[in-house]
Amino acid sequence: MKILKGKRELEQFLSNLDSIGYQTVEEIEDKVKRIIADVKLKKDEAILNYTRLFDCKEFDLEDLIVKEEEIDRAFFECQKEDNKFVQALELAYENIYQYHLKQKEETWLFTKGDTILGQIVRPLERVGIYVPGGNGSYPSTVLMNSIPAKVAGVKEIIMVTPPDKEKKINKYTLAAAKICGVNKIFKVGGAQAIAALAFGTELIPKVEKIVGPGNIYVAIAKKILFGNVDIDSIAGPSEVLIIADSFANPKYVAADLLSQAEHDAMARCILITTSQDLALEVNKKVDEMLKANPNQIAAQSIERNGVIIIVEDLDDAVEIANRICPEHLELCCKNSEDLIFKIKNAGAIFVGEFSPEPIGDYIAGPNHVLPTSGTARFFSPLGVYDFVKRISLIKYSKEQFLKDAPFAIEIAQKEGFLFHANSLKVRLEDV
């Protein structure tokens, strides 16, 4: 890992942060646009063609639908193989559900004289969740993306995930979908899956919002289709920033840096510390752990974006962290609690040496879908609030209208909207 000292090195690193991450290549955008146009025109025929091309050659239209028997069989196999995994899913479900219940919004009304004002909160009717697939297993993605929707009251959750070469969906992913009560599952991935959810096909229902991570093709498809459908965010590479002092355990810090590094070769792994001794020891531990368990992705991430920043004091560390706005922020200090409310920008804060980022990824309860690439300055974790819409309510009495209308007319006329003013005037004239 690179070790930075001094303001010049630090400022150069911070100024280059925006250049680290996925580059939106025009060639990829053009491919995605062609896929989207094809799905919009040919619907299931296009979905079938792309699934045969990218995922499984021996694929038919009826293979798109994951049947109830397949879900039940996967769940049974998981129980038979290792019931501890099913118990882990059930515990995670309960923790995540209970946490997100606290986010639930209620309709509210208030009166101002004879006027009734308020906000009606309504859940979205149908949402789509994208779960990466193929040879991968992502049950936690199912949990984190579907549970807030369930809590919000969404009636129908549609899951899309690419199949493997044998037309199958990972059994651990399907077990999580069963526990979460996902309504329909389709074997389709990539930009074509996002387009299918956005426009609807003969088999795949049109949704109002799409959430869930994916590769760069999925991310660009979501970006292009935003407006046709709502989305969660355009996620960049994963990030962890650890603030540590001389009391931190270097083995824990190194392990946590590598836990993010294995996500993606472009992941950002940053340590800010007041201790040069800790910096050197963490650097040594990272190398030792990579030698003991070679991982090409993690090694590339550490080589490209692994950085240790040595600062004078913890206030400097907090200031830098607030500039970086990390997805995950760990506080590994003697008095970590003292720093919590100094943090302005972070997706999630993990406090103390026994609150590592992976505990939040899987079991703690808060959502692991977090803002990346500095968007924690203005963006929040995925939550129940992402699956509802708010409707304003206005009810005026005649008396209150007579009092307020002249003022509204003044503003309307200054804006040059004479028919707006007239809409108010015709009512005043009839009094």
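Here is a short tour of a predicted model, going from its nonpolar cores to its sheets, helices and a couple of loops.

## The nonpolar cores

Let's start on the inside. The largest nonpolar core has 39 residues, and the members that touch the most others are Val142, Leu143, Met159, Val182, Ile185 and Phe387. Several elements chip in with two or more residues: α4 (68-81), α5 (83-101), β4 (126-130), α6 (139-152), β5 (156-161) and α7 (171-180). Which of them gives the largest share? That's α6, with seven residues.

There's also a second core, separate from that one, with 35 residues. Ala46, Phe59, Val188 and Phe199 are among its members.

## A look at Val142

Val142 is a handy place to zoom in, as one of the core residues that touch the most other members. Leaving aside residues up to four places away in sequence, Val142 is in contact with Ile129, Val131, Ile147, Met159, Thr173, Ala176, Ala177, Cys180 and Val182. Two of these names, Met159 and Val182, also appear among the core residues with the most contacts to other members.

## How α5 and α7 cross

In general, a pair of packed helices is described by the angle between the axes and the distance between them. For α5 and α7, the axes come within 10 Å and cross at roughly 45°. That angle makes α5 oblique to α7, and the crossing is right-handed.

Which residues meet here? On the α5 side they are Phe85, Val86, Leu89, Glu90 and Tyr93. Facing them from α7 are Tyr172, Ala175, Ala176, Ile179 and Cys180. Ala176 has turned up already, as one of the residues that Val142 touches.

## The parallel sheet of five strands

Now for the sheets. Strands of a sheet pair through backbone hydrogen bonds, and they can do so in a parallel or an antiparallel way. One open sheet here has five strands with parallel pairing, in the order β6-β5-β4-β7-β8. At its edges stand β6 (184-187) and β8 (230-231), each with a single partner strand, so each has one side without a neighbour in the sheet.

At the β8 end, the partner is β7 (residues 209-211): these two strands run parallel and are joined by two bridges. If you want to spot the pairing in the structure, look for Lys209, whose bridge partner in β8 is Asp230.

## The antiparallel sheet of three strands

Another open sheet has three strands, ordered β2-β3-β14, and its pairing is antiparallel. The edge strands are β2 (108-112) and β14 (388-395); each has a single partner strand, so one side of each has no neighbour in the sheet. Ignoring direction, neighbouring strands in this sheet are turned by 15° against each other on average.

Five bridges hold β2 and β3 (residues 115-123) together, with the two running antiparallel. One pair to look for is Lys112 and its bridge partner in β3, Thr115.

## Strand β11, buried from end to end

Is strand β11 (residues 306-310) enclosed or exposed? Five of its five residues are buried, so the rest of the structure largely encloses it. Side chains in a regular strand alternate between the two faces of the sheet. In β11, Gly306, Ile308 and Ile310 point one way while Val307 and Ile309 point the other, and all of them are buried.

β11 also pairs with two strands. With β1 (residues 2-4) the pairing is parallel, over three bridges, and with β10 (residues 268-273) it is parallel too, over five bridges. Ile309 is a good landmark: it is the bridge partner of Leu4, and Ile272 stands opposite it as well.

## Helix α3 and its cover

Over in α3 (44-54), the buried residues are Asp44, Ala46, Ile47, Leu48, Tyr50 and Thr51. They are covered by elements including α2, β6 and α8 (190-199). Ala46 is also a member of the second core.

## Two lysines with positive phi

Two loops hold a small oddity. Lys43 sits in the loop between α2 (26-42) and α3, and has a positive phi of about 55° although it is not a glycine. Lys43 is partly exposed, at 28% relative accessible area.

Lys167, in the loop between β5 and α7, has a positive phi as well, near 75°, again without being a glycine. With a relative accessibility of 25%, Lys167 counts as partly exposed.

Note on methods: Residues are numbered from 1 along each chain as its sequence is written. This is a predicted model: local features need pLDDT of at least 70, side-chain atom pairs count only at pLDDT 80 or more; totals for chains, interfaces and linings use all residues. Side-chain values use heavy atoms; hydrogens and water are left out. A nonpolar core is a set of buried Ala, Val, Leu, Ile, Met, Phe, Trp, Tyr and Cys residues joined through side-chain atoms within 4.5 Å. Buried means under 20% relative accessible area, exposed over 50%, partly exposed in between (1.4 Å probe, protein chains only). Helices (H or I, at least four residues) and strands (E, at least two) are DSSP runs, numbered from the N terminus. Contact means heavy atoms within 4.5 Å. Two strands pair if DSSP finds at least two bridges between them. Axes are lines fitted to C-alpha atoms, for helices over the stretch in contact, and angles run from 0 to 180 degrees between N-to-C directions. Angles under 35 degrees count as roughly parallel, over 145 as roughly antiparallel, 65 to 115 as roughly perpendicular and the rest as oblique. A crossing is left-handed if the near helix is turned anticlockwise from the far one by less than a right angle, and right-handed if clockwise.
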